[in-house]
Amino acid sequence: MSIAANIESLQVDLNPIGVTLVAVSKTKSNEEIMEAYQAGQRLFGENMVQEMVEKYEALPKDIAWHLVGHLQTNKVKYIAPFVSMIQSVDSLKVLKEIDKHAAKHNRTIDCLLQVYIADEGTKFGFDHAELIEMLRSDDFQGLPHIRVRGLMGIATNTDNEKVVKEEFYELKMLFDGIKASFFRKEDTFDTLSMGMSSDYSLAIEKGANMVRLGSTIFGKRVIKHYKNKE
Ligand SMILES: *Cc1c(COP(=O)(O)O)cnc(C)c1O
């Protein structure tokens, strides 16, 4: 199917059940993104700051850009003027930096706190204890230019559905608990971003209301760098 047809059929499935589609366009060309845009998609996700800035500059200004990849503090300044949401906040340090640069641009930047749920060693994100400690801290209370909209998680990359479902279930429970404990009065703590191309149906079943899909929309990404086999 074409990119446009993929977008249309996903929107038909996801809109009625209140699930927001982030089209993850990393490594994809402006032409491919425009094909999704022409089909009505306005929300795109990128995982690299530089790539996102270049696409922001070249493409229509009514696109909402979500950062879904790890953010280094020294790169916050490049996206602060325009980024719509940062889904990959994984430390108080980066949150403070986002607050600082958002203030310079008179903005409030929406953020998701990334939680480590996968059974893998290399993924970014808070663990439960760290997350709660940060939410309780005075430092966290004093950040007027960020607005925490919810949580984001990436499940283990495995064919074992049971493992993936458990991880999504765990994140949904954490989301509900954190909402009740820390954001009871804030209607804007409303976003649970979990699920990628391989596991988004399971994520929705477990309570996701935002999914991040790349290859389902745009086709497989070409691996640009690989080891020489010789
Ligand atoms: C690349 C990426 C996605 C999309 O991955 P697909 O498997 O192509 O759907 C989703 N979330 C994050 C954080 C990513 O880096």
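A pocket is found on a 1 Å grid over the protein atoms alone, as an open set of points with protein on both sides within 12 Å along at least five of seven lines.

**View 1. The ligand in its pocket.** In this predicted model, where local features need pLDDT of at least 70, side-chain atom pairs count only at pLDDT 80 or more, and totals for chains, interfaces and linings use all residues, the ligand sits in the largest pocket, meaning that more than half of its atoms lie within 2 Å of the pocket's grid points. Residues are numbered from 1 along each chain as its sequence is written, and side-chain values use heavy atoms, with hydrogens and water left out.

**View 2. Polar contacts of the ligand.** Among the polar contacts (N or O atoms within 3.5 Å), a polar side-chain atom of Lys 26 lies 2.7 Å from a ligand oxygen, and one of Ser 197 lies 2.5 Å from a ligand oxygen. A polar backbone atom of Gly 214 is 2.8 Å from an oxygen atom of the ligand.

**View 3. An aromatic pair.** Tyr 56 and Phe 82 form a stacked pair, 3.9 Å centre to centre with 10° between the planes (ring centres within 6.5 Å, planes under 30 degrees apart). Because Tyr 56 lies in helix H3 and Phe 82 in the loop between helix H4 and strand S4, the pair ties together parts 26 residues apart in sequence.

How values were computed. A polar contact is a pair of N or O atoms within 3.5 Å; within protein, one must be able to donate a hydrogen and the other to accept it, and residues adjacent in sequence count only if both atoms are side-chain atoms. On a 1 Å grid over the protein atoms alone, a cavity is a set of points where a 1.4 Å probe fits but cannot get out, and a pocket is an open set with protein on both sides within 12 Å along at least five of seven lines; lining residues have an atom within 4 Å of a point. Rings of Phe, Tyr and Trp (its six-membered ring) pair if their centres lie within 6.5 Å; planes under 30 degrees apart count as stacked, over 60 as edge-to-face and the rest as tilted. Helices (H or I, at least four residues) and strands (E, at least two) are DSSP runs, numbered from the N terminus.
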